[in-house]
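Biologist: I'm new to this one. Could you walk me through how to read it?

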Amino acid sequence: MKDDLTVLRHMWFGSKKGDDHAARLESFYGPQAAAYDAFRSRFLWGRRPMLAAVAARLAERSNLIWVDLGGGTGENVDMMADYIDLAKFKSIYVVDLCHSLCEVAKKKAKAKGWKNVQVVEADACQFAPAEGTATLITFSYSLTMIPPFHNVIDQACSYLSQDGLVGVADFFVSGKYDLPLRQMSWTRRFFWRSIFDIDNIDIGPERRAYLEQKLERVWESNSQGSIPYVPWLRAPYYVWIGRLPSVGHALHEERVERPPMFPPTFLYTQSWEDPEPDMEVMEINPKDTVLTLTSGGCNALNLLVQGAGQVVSVDCNPAQSALLELKKVAIQQLEFEDVWQMFGEGVHPRIEELYEKKLAPFLSQTSHSFWSKRLWYFQHGLYYQGGMGKLCWVLQCLAVVLGLGKTVKRLANAPTLDEQRRLWDSNMLIHFVKHGPKPLVWLFVKFVSLVLFNKAVLWFGGGVPGKQYALIKADGIPIENYIARTMDGVAENSHVRKQNYFYYNCLTGKFLRDNCPTYLREQAFATLKSGIVDNLTVSTNFFMEELKARTYTKVILMDHVDWLDMHVANELAECLAKQVAPGGIVIWRSASLSPPYAELIKKAGFDVRCIRRADQGYMDRVNMYSSFYMARRKGAKKDN
């Protein structure tokens, strides 16, 4: 507390005296140098994410040269040791103009035994490493304190190696018109810039703008962090990684919001369409560009394993995109056993460490914002989270209350399909529903339907919107009968323990190594990790907008068109005719036996064929839809 008060006194009331910048820095930091590190560790929230991000991108290299400009007490070096072996650095330069902070850094380097660390008291605008080039240059909350920022950025770029990185963490305010994920209101811009200006710290947008004029942005994150002893206020900061410009240009991320009526998380933790029937009709090949809905993302990854050249996976719910993006980055950055624990078991004991060091540095800002608050999903069980996950948890609890807990376990682990059928048919509840007195059965079924299968539960727990519910009713099938048909078909025709990972996951909250989505099988994982997964584009957008973005050879609509009004379905059919290449294939599933929009797609220029219908027998391992359709594009592509 005494040290903190010393720091706060000099931050809030200390005057900056001196004839030059070095003297002013010394008058400000000198009295608080000894207590500097402890206080800043609870204030400078961007340092660790920045160090983790650059370390993750340099992990496979050695003989590195690191220049930490405005490195102060050398605390960044100590933190970097948590993310990468310091022995990988041939030289580390801690450069600062403040004498007192440099003295602390020298003592720290000696105490830690850092033989490759040199503390240099110098002007960052004039410094250059002895080797002539640097692999890594960092500005950790220092760029805003360097008045001639053009000069220091120019100087840093002059010795940055061609394959080097620049990492920046600092406070900021946006411009009046800025990139979407940086944008602030005028009140926040005015307030924070005024507060920092008192200490001669300029947090305006000009420095980042100049960085992006000289360098190409690789990754960035904009966030806010708490301030010690200042409740409620959270200071805005950013982390920015850049490199020397290459061919092309840096991309920026758009701000996305979840649509109205969507829960604040994902609806699905896995894809609820069986990919096996899809592969039988889609003729996937390396020349394909495939557009699919994201859902849980499992099937998008399966398309790559099956040989698709490019896969674009789109969802209007940013949480679904965050789930698939995490799967993609995990495949790229982690070993198979870690990915298996995360997405096979749904639980990982080291998720916080893996996330900080391996995953967060490569996630988009939107996905990082989502997952940084929800790492507990992987501590409590991923597959009990989200809309459908919570519904599965409730149903499991209900089964226990009704005395069916052991029966559920036996069903999930029945050694054969015949044994599974016997357990299903001999269960007292199932027997009662099938053979009990009709009035009592009717009352029981209606009660269960009212409690568990009402529109609210079907939407937030099962992802069934009102329009799809109406299609089921239009076929003359009560919702309870529809669900009974689904469950009975699965129990009688699909061996859950060996063949049906969809329902095994629902019953147990995990997958098995021999009963899981394709991407969780070790050989498929190796295929994806070899570079194939880089061919996956994860987009948060409306389906129609992504469809208009490029030409596709294959399109998977899933049950998307069930959600649309007929005039929008007609617009979608016309868009498919423009964007699907001649001979291209479109597939979809529907809760309707004869979806009315099938005729619209046919009129738009497709040969349409119904592959399966639920009233003709068992559909597939999910068995949740009433029909499965394929359409092939005919004729020449229409002009836009």
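Modeller: Sure, let's start with contact, which means heavy atoms within 4.5 Å. Leaving out residues up to four places away in sequence, glutamate 273 touches Ser295, Asn299, Phe502, Met558, Asp559, Arg589, Val622 and Tyr625. A word on the source: this is a predicted model, where local features need pLDDT of at least 70, side-chain atom pairs count only at pLDDT 80 or more, and totals for chains, interfaces and linings use all residues. Residues are numbered from 1 along each chain as its sequence is written, and side-chain values use heavy atoms, with hydrogens and water left out.

Biologist: Where does glutamate 273 lie?

Modeller: Helices (H or I, at least four residues) and strands (E, at least two) are DSSP runs, numbered from the N terminus. Glutamate 273 is in the loop between β7 (230-243) and α10 (275-282).

Biologist: Is glutamate 273 buried or exposed?

Modeller: Buried means under 20% relative accessible area, exposed over 50%, and partly exposed in between (1.4 Å probe, protein chains only). Glutamate 273 is buried.

Biologist: Which side chain of opposite charge is nearest to glutamate 273?

Modeller: For charges, Lys and Arg count as positive and Asp and Glu as negative, while His and the chain ends are not counted. A salt bridge needs a side-chain nitrogen of Lys or Arg within 4 Å of a carboxyl oxygen of Asp or Glu. The nearest opposite charge is arginine 589, 6.1 Å away, and glutamate 273 has no salt bridge.

Biologist: How many salt bridges are there in the whole structure?

Modeller: A search finds 36. In one of them, the side chains of arginine 61 and aspartate 163 meet at 2.8 Å, N to O. Arginine 61 sits in the loop between α4 and β1 and aspartate 163 in strand β5, so the pair ties together parts 102 residues apart in sequence. Arginine 61 is partly exposed at 25% relative accessible area, and aspartate 163 is partly exposed at 48%.

Biologist: And strands: which ones pair with β4?

Modeller: Two strands pair if DSSP finds at least two bridges between them. Strand β1 (residues 64-69) runs parallel to β4, joined by four bridges, and β5 (residues 160-171) pairs with β4 in the parallel sense over six. Isoleucine 137 in β4 stands opposite valine 67 and also opposite valine 166 in β5.

Biologist: How many residues of β4 are buried?

Modeller: Seven of the seven residues in β4 (residues 134-140) are buried, so to speak a mostly covered strand.
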